[in-house]
Amino acid sequence: MSDKGKNLVFGVIGAFALIVIVVGLAEGDSTAPTDAERVDALASSIKCPFCNGESLAESQSSVAAEYRVIITQRVADGATDDEVIDEFAANFGDSYILDTSTSRWSLALWLVPVLAIVGGASVVGWMYRSGKQRTKVTP
Amino acid sequence: MIALAGYLAIFIALGAAIGIVIQGIRYSRTGDASKLRLPTSVLLGAAITSFVLLEIGILNSEFSIAYIANNTSLTTPLLFLFAGAWAALEGSIVLWGLVLAGFIWLVWRQVGDNDGLGVLALAVMGAVAVFWFGLMATAANPFAVCTQAGSIGCVDSSWWPFVESVMPVDGRGPNPLLQNNFMMAVHPPLLYIGYVGFTVPFGFAVAALIRGDFGHTWLDRTHRWSLIAWVFLTAGILIGAWWSYEVLGWGGYWAWDPVENASFLPWLTATAFIHSAIVQRRRGMLQAWNFLLVIATFALTIFGTFLTRSGVIASVHAFSQSVVGPVLLGLLAVIVIGPLGLFIWRSAEIAQVPRLDSLSSREGYILANNLLLSVFAFTVLFGTMYPLLVEAASGDEVAVGRPFFDKASIPIALLLLLVLGIGAVSPWRVATPKLLWERLRLATVVGLIAGALAVVSGIDSTSVVLTIVLTFFVVTAIVVRFVSVVRSRPGSKIKASGKVLRNEPGYWGGQMAHVGIALMALAIATTGGLATRSLVALNQGETAIVAGYCVRYVEPVSRVEPNRTVSGVKVEVMDGSCTDVIDTLEPRLNTYPGSSQAIGTPAVSTGFVNDVYLAIAGGSGERIELNVFVFPLQWLLWAGGAVVVFGGLFAMIPKPSRQHRGSYSSGSTEPAVESEASDE
């Protein structure tokens with residue numbers, strides 16, 4: 001096959017596969033998480049008291065195990081994720097909630113890394129441009 | 001007796017380290033390395049002696065030494081006794097010192113005559129050794145004698161070795177978690193070799209800065225050392241992750257715990273450094289950047305030690321519970337401020353005119369990934385320190401954990417993979433779109449088809465699908481490149497493959513590591529995004545179905561082992577129809593003397609498609625609660641990791657000399673693309 005022909009075949013197949021992916025993903029999340037998955041996600045968003053900074057999901061202490069039972073119970077009772085988090089925040093304090101998305105400190109946490117990547121990219125861009133200028137001066 | 005001898009060895013090592021610094025500075029002009037023979041040898045000898053004495057004391061249960069009384073016991077099995085030497089702070093510093101002394105001695109053997117750079121680098125490394133042995137001689141004396149015994153272990157100890165010592169009846173034994181699996185004996189030494197190994201490029205970098213030797217000599221001299229350190233660091237992290245998965249029972253391998261982050265941070269910057277060093281050696285760019293990266297990597301290894309040793313992580317409120325904390329923090333300050341000051345002072349001379357011909361080139365893509373790796377490191381560091389920063393700034397208490405790190409790292413990691421795939425097959429200077437498309441079209445199509453198949457088979461997580469696309473893209477791109485380079489050679493394809501690999505061990509070792517990284521990324525995505533987690537309650541004899549597997553509670557098991565009491569359950573893992581037994585597992589709870597808390601130990605059945613992971617969640621006897629986790633492709637994480645380590649080792653193979661290469665390329669026409677595949 002000629003190179004052009006190859007390109008055409010690759011292009012068509014690739015485009016078709018891309019469409020399948022985009023359409024498939026756009027249809028979205030069809031499966032709701034199981035209770036155990038929700039318990040795991042919740043437990044990993046709450047810091048365990050007295051556990052060297054581990055979350056309730058990771059700690060193997062009996063305290064953490066008891067709190068996991070409580071979360072399991074609340075999820076089985078039909079509580080939403082936010083309700084469970086709020087209950088723990090009320091009992092433990094906000095500093096035990098590892099998911100900072102509700103905290104007023106959340107914005108800075110996300111903004112600074114984004115600024116770092118923008119800043120870094122600008123430096124690379126500057127390097128590139130000054131390199132270009134130099135080539136113009138001395139061809 | 002052992003205490004006194006050990007203490008003496010530490011002081012001799014300290015003296016030898018000071019000798020290295022003095023002699024190194026004195027002879028840095030003439031570069032007379034023979035003047036360092038005595039102090040480097042004495043340092044190594046004394047470091048070995050102190051380590052051996054500690055081990056002898058441990059094996060003889062010499063509980064009059066406080067460290068031994070508090071970290072080993074009469075019932076500790078031999079392997080964990082031996083590993084007891086690095087089970088806690090003071091002992092691990094002895095191991096650290098030993099590794100450092102070994103590196104210094106090995107570097108000294110390579111320093112030639114009239115080698116001012118090498119001699120000065122040794123002086124810098126000697127200064128680092130002064131710090132560690134000074135720490136052992138003062139704040140963290142591993143041979144401190146016990147002055148007041150508890151019922152087990154030692155309650156109070158004295159720094160001064162001549163006081164009258166007491167001998168506790170039995171020791172406390174190591175932390176139960178540490179004696180639950182043999183990997184714990186391997187994981188710390190590997191990490192230490194990795195951490196300490198970066199002292200070598202750091203030493204050469206600082207020496208080059210002092211001497212004003214800004215070329216790539218220091219990189220040429222250290223590139224194999226950096227690789228060795230990187231390989232050990234990689235292996236150490238992987239084994240730690242494996243231990244966490246196999247032993248801790250929470251069903252994961254990475255928790256974004258500050259201590260884990262502390263090992264990941266220098267890995268990220270070291271990975272960036274290894275790549276940017278190639279760019280400087282090949283293209284002369286990034287001189288200043290390489291100095292910065294190597295200083296950052298070394299500082300982060302100390303920062304990691306500080307985090308693990310100071311008590312900052314146990315509680316974010318108590319800054320430095322141990323005396324070692326402030327000392328380490330002081331060293332950190334010296335390491336960051338000293339070389340950075342030196343760097344800034346020299347920066348006007350270092351800064352050369354940048355010469356990036358095109359953003360689309362090998363160096364351009366490496367630069368992009370350097371940026372991503374650095375931002376990744378910065379993000380992890382920032383997230384880890386954020387609670388401290390916020391508290392210091394406002395008094396508010398916040399916590400940053402898995403939710404943030406997972407969300408932040410996914411986009412960075414996906415971008416890294418994409419750029420890695422393109423950069424791996426790009427030539428230096430300029431990669432035209434036409435050339436890139438030629439080399440990447442098959443990879444692009446294969447990646448997209450794999451992604452489409454994943455979507456069709458019901459995977460609906462965007463990050464998992466993207467990872468599948470990129471994994472297949474990267475692996476195919478590298479394989480296609482290899483095949484096309486081999487094809488362009490005459491003769492037998494098998495022979496040609498061997499020759500291609502042998503000609504460019506650096507490049508192809510790197511590509512193996514890239515393939516390993518892509519496989520690991522796939523496993524991280526599948527085990528994270530497609531796992532099934534279920535909690536089942538079973539009466540004896542009952543079965544439950546989880547994700548197509550049938551688990552049956554057979555019977556409770558309990559037994560007494562020399563160092564622990566085991567109480568577990570026997571569980572059969574069967575296929576979905578509950579007929580064929582795939583595996584019989586025994587998740588259990590171990591109770592160690594000296595600790596009331598039972599340590600859960602999971603049991604894992606590893607399959608080609610899925611791992612079935614069982615951990616006891618509660619209940620006992622007749623009725624138990626069992627966590628049943630199913631992790632798709634978990635084995636690929638460990639296999640991918642092994643490929644990464646193998647690739648790193650392969651990259652260390654010396655390149656055949658020019659002459660040798662010429663001899664077998666003269667008969668045939670050396671393909672023009674060959675030089676483009678090469679990385680150096």
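**Chain A, contacts and make-up**

I looked up the sequence separation of contacts (heavy atoms within 4.5 Å) in chain A: among those between residues at least 6 apart in sequence, 50% join residues at least 24 apart. This is a predicted model, where local features need pLDDT of at least 70 and side-chain atom pairs count only at pLDDT 80 or more, while totals for chains, interfaces and linings use all residues. For my own bookkeeping, residues are numbered from 1 along each chain as its sequence is written, chains are lettered from A and ligands numbered from 1 in the order in which they are written, and side-chain values use heavy atoms, with hydrogens and water left out.

Next I listed the elements, taking helices (H or I, at least four residues) and strands (E, at least two) as DSSP runs numbered from the N terminus. Chain A has 5 helices and 0 strands. I then asked for burial, where buried means under 20% relative accessible area, exposed over 50%, and partly exposed in between (1.4 Å probe, protein chains only). Of the 139 residues in chain A, 32% are buried. The accessible surface of chain A (Shrake-Rupley method, 1.4 Å probe; for residues, only the protein chains shown count as cover) comes to about 8300 Å², and carbon and sulfur atoms hold 62% of that.

**Where chain A meets chain B**

I turned to the interface and found 56 residues from chain A and 60 residues from chain B in the contact. The buried area (accessible area, 1.4 Å probe, that two parts lose on being put together, summed over both) is about 5000 Å², with 68% from carbon and sulfur atoms.

I checked for salt bridges, meaning a side-chain nitrogen of Lys or Arg within 4 Å of a carboxyl oxygen of Asp or Glu. The rule finds 2 across this interface. I noted one between B:Arg441 and A:Asp3, whose closest N and O atoms are 3.1 Å apart. Which elements of chain A give two or more residues to the side that touches chain B? They are helix 1 (3–26), helix 2 (35–43), helix 3 (62–76) and helix 5 (106–137). Helix 5 of chain A gives the most, with 16 residues.

**Salt bridges within chain B**

Over all chains I get 17 salt bridges. B:Arg221 pairs with B:Asp115, the closest N and O atoms being 2.6 Å apart. This pair links distant parts of the chain, 106 residues apart: B:Arg221 sits in helix 9 (residues 217–247) of chain B, and B:Asp115 in the loop between helix 5 (89–110) and helix 6 (116–137) of chain B. Are the two partners buried or exposed? B:Arg221 counts as partly exposed because its relative accessibility is 26%, and B:Asp115 counts as buried because its value is 10%.

I also looked at B:Arg552 and B:Glu572, whose side chains meet in a salt bridge (3.2 Å, N to O). Here B:Arg552 lies in strand 5 (residues 549–561) of chain B and B:Glu572 in strand 6 (residues 564–575) of chain B, 20 residues apart. B:Glu572 is buried at 15% relative accessibility, whereas B:Arg552 is partly exposed at 27%.

Last in this group, B:Arg559 bridges to B:Glu561, with the closest N and O atoms 3.0 Å apart. Shared partners join B:Arg559, B:Glu561, B:Arg564 and B:Glu586 into one network of salt bridges.

**A serine in a loop**

I closed with B:Ser64, in the loop between helix 2 (37–59) and helix 3 (66–71) of chain B. B:Ser64 counts as buried, at 9% relative accessibility. Leaving aside neighbours within four places in sequence, B:Ser64 is in contact with residues including B:Cys146 and B:Met167.
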